[in-house]
Amino acid sequence: MTSMISSSIKHEFEVAMTCEGCSGAVTRVLNKLGDVKFEIDLPKKLVWIESDKDVDVLMETLKKCGKEVKYNGTK
């Protein structure tokens, strides 16, 4: 059985996170978006998001945490 999530594209974003508070803010904005799976690598300042949503939507959502965001492409 295949799940919808596995067909999602994994996007990599660079987010200017400096502490647990920053990654917590990223977690909060992404959880509000719903229907996304994500991983945060705080030391590398990277966020991977698995979602069928448009990159622009993901980018705008990440910017809500108040940090600089850069899109690195799909992985």
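A residue is counted as buried when its relative accessible area is under 20%. By this criterion, 37% of the 75 residues of the chain are buried in the predicted model examined here. The accessible surface of the chain amounts to about 4700 Å², and carbon and sulfur atoms contribute 52% of that area. Among contacts with a sequence separation of 6 or more, 65% involve residues 24 or more positions apart.

The chain contains 2 helices and 4 strands, arranged along the sequence in the pattern β-α-β-β-α-β. The 4 strands form an open sheet with antiparallel pairing, and their order across the sheet is β2-β3-β1-β4. Strands β2 and β4 (69–74) occupy the edges, where each has a single partner strand, so one side of each remains without a neighbour in the sheet. From one strand to the next, the twist averages 20°. Strand β2 (residues 37–41) is joined to strand β3 (residues 46–51) by 5 bridges, the two strands running antiparallel. Within this pairing, glutamate 39 is placed opposite tryptophan 48 of β3.

Both helices are in contact with strands of the sheet. Helix α1 (residues 20–33) packs on the sheet and touches β1 (9–15), β2 and β3. The direction of helix α1 makes an angle of about 170° with that of β2. Helix α2 (residues 55–63), by comparison, lies across β1, β3 and β4, and runs at about 35° to β1.

A search for salt bridges over the whole structure returns 2. One of them is formed by lysine 10 and glutamate 39, whose closest N and O atoms are 3.2 Å apart. Lysine 10 belongs to strand β1 and glutamate 39 to strand β2, so this pair ties together parts of the chain that are separated by 29 residues in sequence. Lysine 10 has a relative accessibility of 27% and therefore counts as partly exposed. Glutamate 39 is likewise classed as partly exposed, at 42% relative accessibility.

The side chains of glutamate 14 and lysine 70 also meet in a salt bridge, with an N to O distance of 3.5 Å. This pair links distant parts of the chain, since glutamate 14 lies in strand β1 and lysine 70 in strand β4, 56 residues apart. With a relative accessible area of 33%, glutamate 14 is partly exposed. Lysine 70 falls into the partly exposed class as well, its relative accessibility being 46%.

Aspartate 41 presents a further case of a charged side chain. This residue is located in strand β2 and is buried, yet has no salt bridge. The nearest side chain of opposite charge is that of lysine 44, at a distance of 4.2 Å. A salt bridge requires a side-chain nitrogen of Lys or Arg within 4 Å of a carboxyl oxygen of Asp or Glu, so the 4.2 Å separation between aspartate 41 and lysine 44 does not qualify. When residues up to four places away in sequence are not counted, aspartate 41 touches Met17, Leu46 and Trp48. Of these contacts, Trp48 is the residue that stands opposite glutamate 39 in the pairing of β2 with β3.

Key
Residues are numbered from 1 along each chain as its sequence is written. This is a predicted model: local features need pLDDT of at least 70, side-chain atom pairs count only at pLDDT 80 or more; totals for chains, interfaces and linings use all residues. Side-chain values use heavy atoms; hydrogens and water are left out. Buried means under 20% relative accessible area, exposed over 50%, partly exposed in between (1.4 Å probe, protein chains only). Lys and Arg count as positive and Asp and Glu as negative; His and the chain ends are not counted. Contact means heavy atoms within 4.5 Å. Accessible areas come from the Shrake-Rupley method with a 1.4 Å probe; for residues, only the protein chains shown count as cover. Two strands pair if DSSP finds at least two bridges between them. Axes are lines fitted to C-alpha atoms, for helices over the stretch in contact, and angles run from 0 to 180 degrees between N-to-C directions.
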